[in-house]
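The following report describes one structure, moving from strand pairing to helix packing and then to individual residues. Please keep the sequence and the model in view while reading.

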Amino acid sequence: MKNLFDISGKVVVLTGGCGILGQNIAKYLAHQGAKIVILDRVEELGKKLEAELNDITESLFLMTDVMNKEVLEQNKKDIVDRFGTIDILLNAAGGNMAGATIAPDKTFLDLDIDAFKKVVELNLFGTILPTQVFVPVMAEKKKGAIVNFCSESALRPLTRVVGYGAAKAAIANYTKYMAAELALKFSPEMRVNAIVPGFLLTNQNRSLLTNPDGSLTDRAKTIIAHTPAGRFAEPEELFGTIHYLISDASSFVTGALSVVDGGFDAFSI
């Protein structure tokens, strides 16, 4: 029987590929036989990752700016010149910043609107622009899979992260919109889904979840108390869902928000 999860030889483009999640996902997919293109703005890390991945599969690192369409267009040309096509796009670029987060001793009235705009632009437009640039390559063969990276804050408003939550909520809506847009106007075999990770310790949220001595903050303790699994997620616990969403195993799945959160969203008291 056909292996519905076989992604060997598929060309995977991963934005934000040098982040903790990005690096781990890239390595996993490389071991599954996919060809990996890392797009990021951190050249030293990107080149190091490229070399590591080339011991497993064909890989390429390209400097990018997910907010710059001209740069992305050049990325596309370089990818097609090297691999001939693009099969899968993982929109993992994003992040938060202090000014768009409301500290415990502050209120919404203290919000830095410029920082709020930057967070929305990075997360939302940093997903929209790569999609707009890379979709035409998929459309040529009328098949492709896109996975956007959403967040628990898109499903349930979380305290403090008002900018990030607004941006990720927009991505959830955009994912569903694009599912119909691509299927109806380009090909029913062009799919868009989103993964909704639970709480992981990353470079972006470490200061919110851990104290300088490594112990958990009160916020982290509250999160775990509201997570039936009783812990944070590990990066590798996202691999199976991502693999499913980019493979033929999910050929009838589009516009879905796949939650991987240890039960956080389902829990109430």
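## Strand S6 and its partners

In this predicted model, strand S6 (residues 190-197) and S7 pair in the parallel sense over four bridges. Within that pairing, Leu257 in S7 is the bridge partner of Ala194, and Ser258 in S7 is the bridge partner of Ile195. S6 is also joined to S5, with which it runs parallel, by six bridges, and Gly144 stands opposite Met190 in S6.

How many residues of S6 are buried? Eight of the eight are, so the strand is largely enclosed by the rest of the structure. Met190, Val192, Ala194 and Val196 point one way from S6, while Arg191, Asn193, Ile195 and Pro197 point the other way, and buried residues are thus found in both sets.

## The sheet as a whole

These strands belong to an open sheet of seven strands, whose order is S3-S2-S1-S4-S5-S6-S7 and whose pairing is parallel. The edges are formed by strand S3 (59-63) and strand S7 (257-260), each of which pairs on one side only. Neighbouring strands of the sheet are turned by 20° against each other on average, with direction ignored.

Two helices that pack on this sheet can be described by the strands they touch. H1 touches S1, S2, S4 and S5, and its direction makes about 165° with that of S2. H9 packs on the sheet by touching S4, S5, S6 and S7, and the direction of H9 makes about 170° with that of S6.

## Helix H1 and its buried face

Helix H1 comprises residues 20-31, and its 12 residues reach 17 Å from the first C-alpha to the last, which is close to the 16 Å expected at 1.5 Å a residue. The buried residues in H1 are Leu21, Gly22, Ile25, Ala26, Leu29 and Ala30. Why do they line one face of the helix? Seen down the axis of H1, these buried residues fall within an arc of 155°, so they line one face. The general background is that an α-helix has 3.6 residues a turn, so residues three or four places apart point the same way.

The cover over the buried residues of H1 includes strand S1 (11-15), strand S2 (35-40), helix H2 (43-54), strand S4 (88-91), strand S5 (144-149) and helix H9 (239-246). H1 is followed by Gly33, which has a positive phi, near 95°.

## Two aromatic pairs

A search of the whole structure finds two aromatic pairs. One of them, formed by Tyr28 and Phe239, is stacked, with 4.8 Å from centre to centre and 20° between the planes. Tyr28 lies in helix H1 and Phe239 in helix H9, so this pair ties together parts that are 211 residues apart in sequence. Phe239 counts as buried, because its relative accessibility is 13% and the cut-off for a buried residue is under 20%.

The rings of Phe199 and Phe264 have centres 5.0 Å apart and planes at 70°, so the pair is edge-to-face. Phe199 lies in the loop between S6 and helix H7 (206-209), whereas Phe264 lies in the segment after S7, so the pair ties together parts that are 65 residues apart in sequence. Both Phe199 and Phe264 are buried.

## Val147 and Glu152 in their surroundings

Val147 is found in strand S5 and is buried, with a relative accessible area of 0%. Leaving aside neighbours within four places in sequence, Val147 is in contact with Leu89, Leu90, Asn91, Asn193, Ala194, Ile195, Leu245 and Ile246. The C-alpha atoms of Val147 and Thr241 are separated by 10 Å, although the two residues are 94 residues apart along the chain.

Is Glu152, which has its place in helix H5 (residues 152-155), buried or exposed? At 1% relative accessibility, Glu152 counts as buried. Not counting residues up to four places away in sequence, Glu152 touches Leu158, Val196, Pro197, Gly198, Phe199, Val259, Asp261, Phe264 and Asp265, and this list includes both members of the edge-to-face pair, Phe199 and Phe264. Glu152 and Val196 are 44 residues apart in sequence and 6.2 Å apart in space, taken from C-alpha to C-alpha.

Key:
Residues numbered from 1 in each chain as written. Predicted model: local features only at pLDDT ≥ 70, side-chain atom pairs only at ≥ 80, totals over all residues. Heavy atoms only, no water. Expected span 1.5 Å × (residues − 1). Buried < 20%, exposed > 50% of the residue type's maximum accessible area, 1.4 Å probe, protein only. Arc of directions from axis to C-beta. Contact = heavy atoms within 4.5 Å. Pairing = 2+ DSSP bridges. Axes fitted to C-alpha atoms, helices over the stretch in contact; angles between N-to-C directions. Phe/Tyr/Trp six-rings, centres within 6.5 Å; stacked < 30°, edge-to-face > 60°.
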